[in-house]
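This briefing covers enclosed space and helix packing in one protein chain. Please have the sequence and the model open while reading.

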Amino acid sequence: MTQSNLPTVSPATMERFPHIHDDPATLPQSLDPFTITTSTGFMPYKVSPTQLPEAFKPLQSLVERLPVEKLDGTPGLLATYELGPAVKELPDLTAEIEKLVTADGSPDLYAVTAVFRDYTYVASSYLLEPCWENWSKNPDKGYGLGRDVLPRAVALPMYRCAQMLDIPPFMAYAASYSLFNYTLADPKLGQVYDNLRLVRAFEHGLNHKSSEAGFILTHIDMVKETGPLIGGALKIVDTIEQGGSRSDVNDGFREILAAMEKIEACMEDMWTNSKPSEYLSFRVFIFGITNQSMFPNGVVYEGVLDDKPLNFRGESGANDSIIPLLDHLCQIPMPSTPLTKILHEFRAYRPLPHREFLAYMNAKAAEVGVQDFVVKDTETAILFLKTLNHVRSFRWRHWLFAREYIIRRTPHPTATGGSPIVTWLPNQLSAVMDMMISIYDTYLAPQKEPEYSANGMTGYDAALQKQVEPMMEMVHDQKDKLAKEVEKWCQERGNGF
């Protein structure tokens, strides 16, 4: 896109995100890999490396030998529960991290993220290897206890990488497990699903047909479609702020709707890409420390913070930025509950550029009054309602995944991120359903009545109105169904977990 035909953006947006319309290929490696552009969206601006710098070859050797099934198909260290001794032979490479710099002497955050990714794979494998052995040998008896001390040679360099990236020193959805953990089988074919491959894995994920690979690659397949979400959201808030035309705002919503159609189509493929019956196996390795029975006393990171036990939340798709962006743009109010508090805690586990962009959109949507703007016109209100409906359908599908992949198959009470497995997702799902009902009942349903007066709302169109009526019927039905399901599972499990 040339400078002359770039979308109009506010000076505040350009000042805050100067690279938002840059060609990702031109971005220096001194920038965080998750620097956001309208072409790459929430994906890293560059595919993650498969090779580490020479000084980190001992780490690369270990992480390549780590999986249950290595890249060549032979058993790795976790297959025979022999990772523990191998980790203790790893040299402390903390000093080498400071040497990861670009030509101008700036920290090479792209290389730092790759090193961080590999240390998190070693750390999670080491801490949870006993749980993997317990679960593999007798899954009915649960996970047992994990290791509660992380060796200095892993803890110190991982902690230093995390400091440089401003993220917690633990496995993260974007910076290690998923979005910075893929490469392309054939670079010429691009990011089509069948061309995606994992760089690191715990179980069988280096085989791209495995359920572990399918689980992670499906997330990558979804997030690769997020560029238009960024562009559409910015078009909406910047147009409103600058007093632009309503048709431009509507176009912004249409860009978001088109992107969400693609994202949810990719999401639906999870059922075939990753078998529900195989998920619990590789899931063992993505649990965190917080609120987990495997780590009742936290974990000591040797040499870090005076060896005080630490707690971190585990890897979770809930750390993705797609739905939080729409939550903020649409100003979806969340209930004041402990479950919403967990939602806020997850924010820290996103890459810094994601956090900054989401915080900006949250503040900007409130400042320009997105919701107040959309409800003044029928067409805009319906586009807004359709956007909310994508948030609902995304969260509903996520609930179905949790139910079929996890709740039906294990009594373990918490998700990998440490949230209650039964009640946490419905907390957010109910919030968006409530908002849809409120918007429809307040602004759209009254238009059908003969005595209706416009009340400042323009653009009534009976055909547009009929588009959303079946959608709203489904929302009411789903809301009732969800409440009954949650009550059923809580009763069966004996608590709200």
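The points below deal with the cavities and then with three helix pairs.

The model is predicted. It contains 3 cavities of 30 Å³ or more, and the largest has a volume of about 660 Å³. Helix H13 (residues 322–329) packs against helix H10 (residues 246–268) and also comes within 11 Å of helix H9 (residues 227–241), axis to axis.

**Largest cavity**

- The volume of the largest cavity is about 660 Å³, and 37 residues line it.
- Closest to the centre of the largest cavity are Ser-316, Gly-317, Ala-318, His-398 and Leu-425.
- Two or more lining residues come from each of helix H8 (211–223), helix H12 (276–283), H13, helix H17 (378–407) and helix H18 (424–444).
- H17 contributes the most to this lining, namely 7 residues.
- By class, the lining of the largest cavity holds 23 nonpolar, 8 polar and 6 charged residues.

**Second largest cavity**

- The second largest cavity has a volume of about 50 Å³.
- Its lining consists of Tyr-173, Tyr-177, Ser-178, Phe-215, Ile-216, His-219, Glu-315, Ser-316 and Gly-317.
- Helix H7 (173–177) and H8 are the elements that supply two or more residues to the lining of the second largest cavity.
- H8 has the largest share of that lining, with 3 residues.
- The lining of the second largest cavity divides into 4 nonpolar, 4 polar and 1 charged.
- Ser-316 and Gly-317 line the second largest cavity and are also among the residues closest to the centre of the largest one.

**H10 with H13**

- The axes of H10 and H13 lie 13 Å apart, and the two helices pack at an angle of about 150°.
- Angles over 145 degrees count as roughly antiparallel, so H10 and H13 are roughly antiparallel to each other.
- The crossing of H10 past H13 is left-handed.
- H10 makes the contact through Ile-256, Met-260 and Ile-263, and H13 through Ile-322, Ile-323, Leu-326 and Leu-329.
- This contact of H10 with H13 has 7 nonpolar residues, no polar and no charged ones.

**H9 with H13**

- The axes of H9 and H13 come within 11 Å and cross at roughly 10°.
- Angles under 35 degrees count as roughly parallel, so H9 and H13 are roughly parallel to each other.
- On the H9 side the contact is made by Leu-229, Ile-230, Ala-233, Ile-236 and Val-237, and on the H13 side by Ile-322, Leu-325 and Leu-329.
- The contact of H9 with H13 comprises 8 nonpolar residues, with no polar and no charged ones.
- Ile-322 and Leu-329 of H13 take part in the contact with H10 and in the contact with H9.

**H8 with H12**

- H8 and H12 have axes that come within 9 Å and cross at roughly 90°.
- Angles of 65 to 115 degrees count as roughly perpendicular, and H8 and H12 are therefore roughly perpendicular to each other.
- Ser-211, Glu-212 and Phe-215 in H8 meet Glu-278, Tyr-279 and Phe-282 in H12.
- The contact of H8 with H12 has 3 nonpolar, 1 polar and 2 charged residues.
- Phe-215 of H8 is in this contact and also lines the second largest cavity.

Definitions and conventions:
Residues are numbered from 1 along each chain as its sequence is written. This is a predicted model: local features need pLDDT of at least 70, side-chain atom pairs count only at pLDDT 80 or more; totals for chains, interfaces and linings use all residues. Side-chain values use heavy atoms; hydrogens and water are left out. Axes are lines fitted to C-alpha atoms, for helices over the stretch in contact, and angles run from 0 to 180 degrees between N-to-C directions. Helices (H or I, at least four residues) and strands (E, at least two) are DSSP runs, numbered from the N terminus. A crossing is left-handed if the near helix is turned anticlockwise from the far one by less than a right angle, and right-handed if clockwise. Contact means heavy atoms within 4.5 Å. Ala, Val, Leu, Ile, Met, Phe, Trp, Tyr, Cys and Pro count as nonpolar, Asp, Glu, Lys and Arg as charged, and the others, Gly among them, as polar. On a 1 Å grid over the protein atoms alone, a cavity is a set of points where a 1.4 Å probe fits but cannot get out, and a pocket is an open set with protein on both sides within 12 Å along at least five of seven lines; lining residues have an atom within 4 Å of a point. Grid points are joined across faces, edges and corners, and a volume is the space filled by probe spheres set on the points.
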